[in-house]
Amino acid sequence: MKYANIIVNISHENLDKTFQYLIPEKLRGTISVGDYVTIPFGRGNRLIEGYVLELSDKAACDETRLKEIAGIKTDARLVEVKLIKLAWWMKKTYGSTMINALKTVLPIKKQIKEKEEKTIILKLGREEALSRLELYMKKHQTARERLLRELIREGELNYRLVTAKLSISPPTIKAMEDQEVISVLRKRLYRDPAQGDADGMQVMLNPAQKSIVREIVREYDEGIRGTYLLRGITGSGKTEVYMEIISHVIEAGLKVIVLIPEISLTYQTVMRFYKRFGSKVSTIHSRLSDGVKYDQFERARKGEISVMIGPRSALFTPFEDLGLIIMDEEHEPSYKSDNMPKYHARETAVELARLHNASLILGSATPSLDAYYKALKGEYRLFELTERAKDASLPRVHITDLKQELKEGNKSMFGRELKSLMEEKLSKGEQIMLFLNRRGYAGFVSCRSCGHVIKCPHCDVSLSIHGGGKLLCHYCGYERENVKICPECGSSYIGGMRAGTEQVEENVKKLFPYASVLRMDADTTKKKDDYERILSSFANRDADILIGTQMIVKGHDFPYVTLMGILVADMSLNAGDYRASERTFQLLTQAAGRSGRADIAGDVVIQTYRPDHYAIVHARDQDYISFYNEEITYRTLLDYPPVGHMMAVMVEGADDRKVDAYSALLAEKLKNDIIMNLHGDGCRIIGPADAFVRKINDIYRKLIYLKSADLNVLIDLKDRAEETVNACKDKGIRVTFDLDPV
Ligand code: ADP
Ligand code: ZN
Ligand code: ZN
């Protein structure tokens, strides 16, 4: 590479304003993307600094007109250097333009005045506060009750957290201020954690937690930076382990990023971190405006905070001295980005940790196959917590065979066991959650008599019903006529499953007209605060039953929920992709954890046509290891990730003939590359085939899948495909890449 594109003033607005320089002989091979270099600039050739954004072997203009780079600043410890290097790694690994990768990692600069933080404090003494609380309860002023309850516990609360996470409106706060129950302070005022905890005590870690902390801290102090996987059942005290290690790292003067899936970023979780680390903590989430997000990132850059908590984009917090990254619930699909570059936060965190020489802790009750596989191979160090930290009874899990229900004449969506448990809980005034698992639901065909599912003979995933009544494979495009008679048992009760949350709601209302019902799905959560509003309303016991999609499975604790009904577990089991069983196992295990608390044991009913499926059996037994062993066998047999790797290449465009022609051309080219480069037997190309949703907003979509045991082979093929794509002058065609799609 002889040329370098250099940016002088790095920010979103300037990303396309790069200047090309010649790399002097003596620096060739040593310079890399991200380096901070000095260059002669302008007429007077004044020496200024800039970052290398790209290297190239083609000159953008006549070479003799290019100036030479003067030198590399090797002592630069700038955050930007690491972020640019990270962007480069993301571009190389996941495929995208450098500009898109940079836009992903750089904060959007918005010049707004830093907003002052407001704090709510309790004005009443404890006795007075408690009698006021009773009054609120009597008057059914649930919002006031909630706020007061929290304040009695905490003494003071961050205003933004109260409005955003407790869903308490400013007028309510104002009203309580007028009643002189609370006051709102306009300056920053956090409790200093060093002054001790108002709750009186911090938990004492139990021996299992202690030994994990001790090991990781010991390695840390010896300068060993590792990647750790902490598998611990829900409630086993993982968060306490994280916090103990975090406090060690920040005492050493280093910074910490804590990743939490957006949906679990609840008031309760965030509050625990604030309680422990006070004003050293900041959080971001996707609903913050760019301006507020930018401010939080600026505080991080200036060293005002030590811990940033947030969803996957929190990875790009510009900490100068990052010492530790925590990734909780590492199995969550939301850690994968939908936009180019389609990065996965787990691998990106590994790379970021490498760039900073930081440690990385992954945590989950049900680790992704990917993480557990790597842990068993020794790439990650594995720790386990197998018991709940506080005594809590595990729920009773019942499985209902829907085939049997049908045989015995029950055609309703509620099996007899679920129905009678619902009656029982309602009569006791306890709460119920009904979960319709529609993740990735793509209309598979199954037999209600014998449970048989129509699958692709080549890919071993469920076929999906497609327009025109055909059945189609997501991966290879295999197509066949729909069936009217079950090929397995001859029954005519075969077809698609068409239950939606609305239908469930109607049925519940018919069966239990006296129960009050809340529904949470994409339709009822269109507005910004709908999600929190429904959850807090349910937490306030405004309703007996909450019906919802996977949104309801995570996040909040509902102490009065004693029954979780999973209506048709098969919906995610037959989602038509290779992760269907894994997702189902994770969701069912998680859903089971929602029911019952310390003092009341809960019930969980899993309704399914395939009660013998290993994902369901092992979820019932909460047996991760057995599930892993069966699932990894399936992945190995079919070369699916994490054993092999896959790359989805999507070709999109408004003109379907062009999309057809171009995807065929690209597939042909890739086939040649595979043969020419002797990537050998290990590498396969599948497609092009129609994407599952063939047309979205009048844009046609075709998919090509590449499979290989070797990740680097896929990355190499992607690079070659990108070259072809970049050479394609047709603006009507767009090509995107997705490595190991989730
Ligand atoms: P996880 O993150 O694994 O779900 P948490 O850290 O949230 O688990 O712990 C679950 C509950 O148990 C929390 O209320 C926490 O405060 C409590 N807890 C955790 N560790 C201990 C401990 N050693 N002693 C007492 N309570 C604990
Ligand atoms: Zn059948
Ligand atoms: Zn197939």
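The following dialogue concerns a predicted model and the reasons behind several terms used to describe it.

Trainee: Which atoms coordinate the zinc ion (ligand 3), and what makes them donors?

Mentor: The zinc ion (ligand 3) is coordinated by the SG atoms of C456, C459, C473 and C476, at 2.3 Å. A donor must be an N, O or S atom within 2.8 Å of the metal, so these sulfur atoms at 2.3 Å qualify.

Trainee: Why is the arrangement around the zinc ion (ligand 3) called tetrahedral?

Mentor: The four donor atoms subtend angles of 107 to 113°. Four donors count as tetrahedral if all angles lie between 85 and 135 degrees, and therefore this site receives the name.

Trainee: What spacing do the donors follow along the chain?

Mentor: The donors of the zinc ion (ligand 3) follow the pattern C-x2-C-x13-C-x2-C. Within this site, C456 and C473 link distant parts of the chain, 17 residues apart. C456 belongs to the loop between strand 18 (445-447) and strand 19 (464-465), while C473 belongs to the loop between strand 20 (470-472) and strand 21 (479-481).

Trainee: Are C456 and C473 buried or exposed, and how do you know?

Mentor: The relative accessible area is 3% for C456 and 0% for C473. Buried means under 20%, so C456 is buried, and C473 is buried as well.

Trainee: Where does H344 lie, and why is it called buried?

Mentor: H344 lies in the loop between strand 13 (322-328) and helix 11 (345-356). Its relative accessible area is 8%, which is under 20%, and H344 is therefore buried.

Trainee: What surrounds H344, and what does its side chain reach?

Mentor: Leaving aside residues up to four places away in sequence, H344 touches Y94, M327, Y335, K336 and V742. The side chain of H344 also reaches the backbone nitrogen of R346 at 2.9 Å. A polar contact requires a pair of N or O atoms within 3.5 Å, and the distance of 2.9 Å satisfies that limit.

Trainee: How is the area buried between domain 2 and domain 4 described?

Mentor: The domain assignment gives domain 2 as 115-189 and domain 4 as 392-441 + 497-635. The area buried between them is about 460 Å², of which carbon and sulfur atoms give 38%. In domain 2, T142, R146 and S167 lose the most area to domain 4, together 73% of what that side buries. Six residues of domain 2 are in contact with six residues of domain 4, and the C-alpha centres of the two domains lie 34 Å apart.

Trainee: Why are R541 and D639 called partly exposed?

Mentor: R541 has a relative accessible area of 41%, and D639 has 42%. Partly exposed covers the range between under 20% and over 50%, so the term applies to R541 and to D639.

Trainee: What is notable about phi in R541 and in D639?

Mentor: Most residues other than glycine have a negative phi. Phi of R541, however, is near 65°, a positive value, and phi of D639 is near 60°, also positive. R541 lies in the loop between helix 16 (530-539) and strand 24 (545-548), whereas D639 is in the loop between helix 20 and strand 27.

Trainee: Which peptide bonds are cis?

Mentor: Most peptide bonds are trans. The bond from P641 to P642 is cis, with omega near 5°, and a cis bond also joins G687 and P688, with omega about 5°. P642 lies in the loop between helix 20 (624-638) and strand 27 (645-653), while P688 has its place in strand 28 (residues 683-696).

Technical notes
Residues numbered from 1 in each chain as written. Chains lettered and ligands numbered in written order. Predicted model: local features only at pLDDT ≥ 70, side-chain atom pairs only at ≥ 80, totals over all residues. Heavy atoms only, no water. Donors = N, O, S within 2.8 Å, 3.2 Å for Na, K, Ca; no water. Tetrahedral: all angles 85-135°; square planar, octahedral: opposite > 155°, others 65-115°. Helix = DSSP H or I, 4+ residues; strand = E, 2+ residues; numbered from the N terminus. Buried < 20%, exposed > 50% of the residue type's maximum accessible area, 1.4 Å probe, protein only. Polar contact = N/O pair within 3.5 Å; in protein donor to acceptor, adjacent residues only side chain to side chain. Contact = heavy atoms within 4.5 Å. Domains from an automatic or database assignment. Buried area = accessible area lost by both parts, 1.4 Å probe.
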